[in-house]
Amino acid sequence: MTYDALVKLLGPQGYFDLPSLVQLSGERRPALLLQLSRWCKSGRLLPLRRGMYAFPERYSGRPVSPPELANALYSPSYLSGLWALGFLGMIPERVVTYTSVTSRVPRTFENAFGTFEYRHVKPAAFFGCRPVEIGGRRVLLAEPEKALLDLWHLEAGAWDRARMAGMRFQGFELVDAAKLRAYAERFVSPRLLAAAEVWLGLSRSEEEGTVEL
């Protein structure tokens, strides 16, 4: 396979994995692996993780979207936790690590597009995401309520009022109180139910202008 043929076959997507290339090209896996390695060394492909590659924009004409890539690198997964909260404007910081949750084992990948961290939740807690458009691409993102709960679930320790206030949460109007409580109950976790009530109390204080640590 020539590089031009590869670009024509898979360039419009921006990235691809080895199984897809084997299936679409009909060529033998060992030969493809050797060629892919050469193209990575020459800079005509960017390695994303083992068996997955991206085209530099100058060759494919299609920029890779890191949020879209976060879904594709390791699935099933959806963006959540700190990255989702930052994107939604619910914390003031800009989060550079693409944090996702998955029902698989945790993994972290670093490549030319950033750091992609995948945190494990049990299958029963893998819910509360929806497709949204980010930069013209379809991306699975946690709902505001689930992004909060995933953060509280994955970060150890009690989420008391001082810790919650230290996060400098904002965008309280994005969260539906009934949904937050209902989602917390699905975790079957007293710690998360307590965290939800602390956050809702903080939200009420914010509305009244009486936030105190």
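Visitor: How many bridges join strand 1 to strand 3, and in which sense do the two run?

Guide: In this predicted model, strand 1 and strand 3 (residues 52–54) run antiparallel and are joined by 3 bridges. One of the pairs to look at is D17, whose bridge partner in strand 3 is M52.

Visitor: Which residue of strand 3 is the bridge partner of R49?

Guide: That partner is M52. Strand 2 and strand 3 are likewise joined by 3 bridges, and they run antiparallel. Between these two strands is a hairpin with 2 residues in the connection, and G51 has a positive phi near 80° there.

Visitor: What is the strand order in the sheet of 3 strands?

Guide: The order is 1-3-2 in an open sheet, and the pairing is antiparallel. Strand 1 (15–17) and strand 2 (46–49) are the edge strands; each has a single partner strand, so one side of each lacks a neighbour in the sheet. From one strand to the next the twist averages 30°.

Visitor: What should I expect of side chains along a strand?

Guide: The general idea is that side chains in a regular strand alternate between the two faces of the sheet. With that in mind, look at the other paired strands.

Visitor: In which sense does strand 5 pair with strand 7, parallel or antiparallel?

Guide: Strand 5 (residues 98–102) pairs with strand 7 (residues 114–120) in the parallel sense, over 5 bridges. Y98 is placed opposite F116 of strand 7.

Visitor: How many residues are in the hairpin that joins strand 6 to strand 7?

Guide: The hairpin runs through 2 residues. Strand 6 (residues 107–111) and strand 7 run antiparallel, with 5 bridges joining them. Here T108 lies opposite E117 of strand 7.

Visitor: Over how many bridges do strand 8 and strand 9 pair?

Guide: Strand 8 (residues 129–134) and strand 9 (residues 137–142) pair over 6 bridges in the antiparallel sense. L140 in strand 9 is the residue opposite P131. The hairpin of these strands has 2 residues between them, and G135 adopts a positive phi near 60° in it.

Visitor: Which residue has a positive phi although it is not a glycine?

Guide: R168 does, with a phi of about 55°. To find R168, go to the loop between helix 8 (161–166) and helix 9.

Visitor: Which two residues does a cis peptide bond join?

Guide: The bond is between S75 and P76, and its omega is about 0°. P76 is located in the loop between helix 5 (66–73) and strand 4 (77–79).

Visitor: How do I read a pair of packed helices?

Guide: Two numbers describe such a pair: the angle between the axes and the distance between them. Take helix 7 (residues 144–154) and helix 10 (residues 190–208) as the case here: their axes are 10 Å apart and the packing angle is about 125°. An angle from 115 to 145 degrees falls outside the perpendicular and antiparallel ranges, and helix 7 and helix 10 are therefore oblique to each other. The crossing of helix 7 past helix 10 is right-handed.

Visitor: At what angle do the axes of helix 7 and helix 9 cross?

Guide: The axes of helix 7 and helix 9 (residues 177–186) cross at roughly 40° and come within 9 Å. Angles count as roughly parallel only under 35 degrees, and this pair of helices, helix 7 and helix 9, is therefore oblique as well. Helix 7 also passes helix 9 in a right-handed crossing.

Visitor: How much space lies in the largest pocket?

Guide: The largest pocket holds about 160 Å³ of space. Its lining consists of W83, G86, F87, E93, R94, V95, V96 and Y98.

Visitor: Which helix gives the most to the lining of the largest pocket?

Guide: Helix 6 (residues 81–88) does, contributing 3 residues.

Visitor: How many residues of the lining are nonpolar, polar and charged?

Guide: The lining of the largest pocket comprises 5 nonpolar residues, 1 polar residue and 2 charged residues. Y98 appears in this lining, and Y98 is also the residue opposite F116 in strand 7.

How values were computed
Residues numbered from 1 in each chain as written. Predicted model: local features only at pLDDT ≥ 70, side-chain atom pairs only at ≥ 80, totals over all residues. Heavy atoms only, no water. Pairing = 2+ DSSP bridges. Helix = DSSP H or I, 4+ residues; strand = E, 2+ residues; numbered from the N terminus. Axes fitted to C-alpha atoms, helices over the stretch in contact; angles between N-to-C directions. 1 Å grid on protein atoms, 1.4 Å probe; cavity = no way out; pocket = protein on both sides within 12 Å on 5 of 7 lines; lining within 4 Å. Points joined across faces, edges and corners; volume = space filled by probe spheres on them. Nonpolar A, V, L, I, M, F, W, Y, C, P; charged D, E, K, R; others polar. Parallel < 35°, antiparallel > 145°, perpendicular 65-115°, else oblique. Left-handed = near helix turned anticlockwise from the far one by under 90°.
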